[in-house]
Amino acid sequence: MDKIHLIIERQEDPDSKPYDEEFMVPYSPNMNIISALMYIQQNPVNKDGESIFPVQWEMSCLEEVCGICSMLINGVPRQACSTLVDKIEHPIRLKPMRTFPVVRDLIIDREGMFDSLKKVKAWIPIDGTYDLGPGPRMSENKRVMAYELSKCFTCGVCLEACPNVNDKSEFLGPFVFPQVRLKNAHPTGEMNKDERVESFMDDGGLQGCGNSQNCVQVCPKGIPITTSIGAVNREATVQSFKSFFGAD
């Protein structure tokens with residue numbers, strides 16, 4: 001294989017109509033999708049030899065940590081930095097993840113994910129607590145579980161794979177379950193557990209999950225989303241009884 005055939009869906013701005021453009025990129029062993037996009041950036045010529053404006057895309061860490069290079073690669077949501085061209089079918093088709101607003105070409109706006117985290121209060125309120133000391137210690141078993149949950153880097157692929165995340169639903173997405181569970185497991189965050197669970201029981205919350213488990217299949221970090229869904233649902237059941245009958 002001397003050349004890699006890329007078919008990239010392009011879009012000039014959020015309101016313009018998307019279109020496909022094809023490129024031929026010199027092949028080298030073990031190259032990833034980012035390497036191919038960098039070549040097009042440096043040599044902005046399409047398959048027909050026409051000079052074009054370089055394809056717009058984003059990257060940062062190049063080690064599957066930042067999440068901003070997430071895109072649809074041959075129809076599968078994944079990271080461009082960790083996808084090797086030797087391991088996928090050719091021609092390679094690249095598209096932006098359509099669950100999110102498209103800014104331009106392969107660049108998307110993931111701001112909605114962070115708004116979702118704000119809605120469920122996915123943070124630990126520690127401001128002004130320094131003088132109180134380090135606080136209670138977390139057990140080793142809970143720490144190991146929490147570490148796995150903390151691997152989420154809001155890449156967005158679970159939202160793209162989830163059939164319940166669409167323009168007809170207010171569902172916040174699968175990634176929220178592990179984040180609620182993570183913050184509730186923290187000794188300090190546990191103080192706001194009831195408030196956090198209550199906020200996730202509102203519109204767009206846990207009831208929007210259809211348990212299709214597509215999210216588990218695509219998560220690049222292997223985060224235990226299914227068990228988190230079960231854990232948060234149990235917490236919500238307890239919280240609903242407390243709300244109805246009283247905390248005592």
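Helices, taken as H or I runs of at least four residues, and strands, taken as E runs of at least two, are DSSP runs numbered from the N terminus. On that basis the chain, a predicted model, holds eight helices and seven strands. The C-alpha trace spans about 75 × 40 × 30 Å along its principal axes. Of the 248 residues in the chain, 41% are buried. The chain exposes about 13,500 Å², and carbon and sulfur atoms supply 50% of that area. Among contacts between residues at least 6 apart in sequence, 63% join residues at least 24 apart.

A good place to begin a closer look is strand β3. Both faces of this strand are covered, with Ser-70 and Leu-72 buried on one side and Met-71 and Ile-73 buried on the other. This arrangement can be read against a general pattern: in a regular strand the side chains alternate between the two faces of the sheet. Strand β3 has two pairing partners among the strands described here, β4 and β5. With β4 the pairing is antiparallel over four bridges, and Ile-73 stands opposite Val-76 of β4. The hairpin formed by β3 and β4 has two residues between the strands, and Asn-74 takes a positive phi near 55° there. With β5 the pairing is again antiparallel, over two bridges, and Leu-72 stands opposite Lys-95 of β5.

Two polar residues of this hairpin deserve a joint description. Ser-70, in strand β3, has a relative accessible area of 1% and is therefore buried, the cut-off being under 20%. Gln-79, in strand β4 (residues 76–79), has a relative accessible area of 2% and is therefore buried by that cut-off too. Their side chains are joined by a polar contact of 2.8 Å. A polar atom of the Ser-70 side chain also lies 3.1 Å from the backbone oxygen of Cys-155. Leaving aside residues up to four places away in sequence, Ser-70 touches Arg-78, Gln-79, Met-97, Cys-155 and Val-157. Counted in that way, the contacts of Gln-79 include Glu-64, Cys-69, Phe-153, Cys-155, Val-157 and Pro-220. Cys-155 and Val-157 thus appear among the contacts of both Ser-70 and Gln-79. Ser-70 also lies 8.7 Å from Glu-58, C-alpha to C-alpha, with the two residues twelve apart in sequence.

Strand β3 also takes part in the packing of helix α1. The buried residues of this helix (residues 33–42) are Ile-33, Ile-34, Ala-36, Leu-37 and Ile-40. Seen down the axis of α1, these buried residues fall within an arc of 160°, so they line one face of the helix. Their cover includes β1 (3–10), β2 (19–26), β3 (70–73) and β5 (92–95).

Attention can now turn to the nonpolar cores. In soluble globular proteins, nonpolar side chains tend to be buried together. The largest nonpolar core has 36 residues, of which Val-120, Leu-159, Phe-175, Val-176, Phe-177 and Phe-200 touch the most other members. The elements giving two or more residues to this core are α2 (111–119), α3 (140–149), α4 (157–161), α5 (176–185), α6 (193–200), α7 (214–218) and α8 (225–245). A second, separate core of 24 residues includes Phe-23, Val-25, Ile-92 and Leu-106. Returning to Phe-200, its contacts beyond four places in sequence include Val-120, Leu-172, Val-176, Phe-177, Val-180 and Val-232.

Conventions
Residues are numbered from 1 along each chain as its sequence is written. This is a predicted model: local features need pLDDT of at least 70, side-chain atom pairs count only at pLDDT 80 or more; totals for chains, interfaces and linings use all residues. Side-chain values use heavy atoms; hydrogens and water are left out. Buried means under 20% relative accessible area, exposed over 50%, partly exposed in between (1.4 Å probe, protein chains only). Contact means heavy atoms within 4.5 Å. The arc is that of the directions from the helix axis to the C-beta atoms. A polar contact is a pair of N or O atoms within 3.5 Å; within protein, one must be able to donate a hydrogen and the other to accept it, and residues adjacent in sequence count only if both atoms are side-chain atoms. A nonpolar core is a set of buried Ala, Val, Leu, Ile, Met, Phe, Trp, Tyr and Cys residues joined through side-chain atoms within 4.5 Å. Two strands pair if DSSP finds at least two bridges between them. Accessible areas come from the Shrake-Rupley method with a 1.4 Å probe; for residues, only the protein chains shown count as cover.
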